[in-house]
Amino acid sequence: MSTLKVTNVKHETSGLNTLVFDNGGTSGGNGRVTTKGTIGEITAISYASTITLDFRTGNNFSTTLTGNTTFANPSNISAGQSGVLFITQGSGGSKLLSYQDYWDFPDGGTPPVLSTTAAAVDMIVWIARSSTKISAQLVANFV
C-alpha cells in the first residue's frame, strides 16, 4: 500500500464535494478528488499574434481575434486532459488561426478554417492523447 503525504488540504464548499490537495505546486492545487460533476471555468485569453495556452491553469479558454493568430504548442499538457476553446471573430471578421505541431485535426490533419463573419463564435473541442499530441475538432459558426 502506498502513502501520499499531502500538505495544505482544503475542502471546497461549492456543492461539488471536492477535496483539493496541494503538495507544493504553483497553480493552486496539484489534484482534486470529486464525488459529483465538476465545473470547468472558461478562462479569457487576451489577443496576441501567438497564444500559448497553459493547460495547468485551465481546460476551457476563450479569445476574440482582432488579428491573425497562431496557437502555439500549449504548456503543461497531461494525457487525458480535455476541454474547449471558444474563438470569436473580432470586428470585420475574416481573421485566420494557425496551429503549431501538437495540434492534430481530422481529414489528414488539415487545420480547419474558422467562420469569417464578425462576431461569429467557433468552438474547438480537444483532448490530449499525450504530452505532445492534441486531437482537436472544430464545431463552427455559433452566432
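**Reading a predicted model, one feature at a time**

Mentor: Let's start with a single residue: Arg129 is partly exposed, with a relative accessible area of 47%. Buried means under 20% relative accessible area, exposed means over 50%, and partly exposed lies in between (1.4 Å probe, protein chains only). This is a predicted model, where local features need pLDDT of at least 70, side-chain atom pairs count only at pLDDT 80 or more, and totals for chains, interfaces and linings use all residues. Residues are numbered from 1 along each chain as its sequence is written, and side-chain values use heavy atoms, leaving out hydrogens and water.

Trainee: Which residue forms a salt bridge with Arg129?

Mentor: Here is the general idea. Side chains of opposite charge can pair when their charged atoms come close. A salt bridge is counted when a side-chain nitrogen of Lys or Arg is within 4 Å of a carboxyl oxygen of Asp or Glu. In this structure the partner is Asp104, and the closest N and O atoms are 3.0 Å apart. The pair links distant parts of the chain, since Asp104 sits in strand β10 and Arg129 in strand β11, 25 residues apart. Asp104 is partly exposed, at 26% relative accessible area. The structure holds one salt bridge.

Trainee: In what order do the strands of the sheet lie?

Mentor: Strands of a sheet pair through backbone hydrogen bonds, either parallel or antiparallel. Strands (E, at least two residues) and helices (H or I, at least four) are DSSP runs, numbered from the N terminus, and two strands pair if DSSP finds at least two bridges between them. Here six strands form an open sheet with mixed pairing, in the order β4-β6-β8-β11-β12-β10. β4 (42–44) and β10 (103–104) stand at the edges with a single partner strand each, so one side of each has no neighbour in the sheet.

Trainee: How many bridges join β8 to β11?

Mentor: Seven, and these two strands run antiparallel. On its way through the sheet, β8 also pairs with β6, in the parallel sense over five bridges. Ile87 is a handy marker: Thr63 stands opposite Ile87, and Asp122 in β11 is the bridge partner of Ile87. At the edge, β10 and β12 (133–142) pair in the parallel sense over two bridges, where Asp104 has Ser135 as its bridge partner.

Trainee: Which residues have the most contacts inside the largest nonpolar core?

Mentor: In soluble globular proteins, nonpolar side chains tend to be buried together. A nonpolar core is a set of buried Ala, Val, Leu, Ile, Met, Phe, Trp, Tyr and Cys residues joined through side-chain atoms within 4.5 Å. The largest one here has 20 residues, and those with the most contacts inside it are Phe55, Phe71, Leu85, Tyr99, Trp103, Ile124 and Trp126. Two or more residues come from each of β6, β8, β9, β11 and β12. Leaving aside residues up to four places away in sequence, Ile124 touches a list of residues including Leu85, Tyr99, Phe105 and Leu138; a contact means heavy atoms within 4.5 Å.

Trainee: Which residues form a nonpolar patch on the surface?

Mentor: Patches use residues with over 30% relative accessible area and no salt bridge; like charges are joined within 9 Å, and nonpolar side chains (Val, Leu, Ile, Met, Phe, Trp, Tyr) within 5 Å. Accessible areas come from the Shrake-Rupley method with a 1.4 Å probe; for residues, only the protein chains shown count as cover. Val125, Val139 and Phe142 form the patch, with about 210 Å² of accessible area together. Val125 lies in strand β11 and is partly exposed at 35%.
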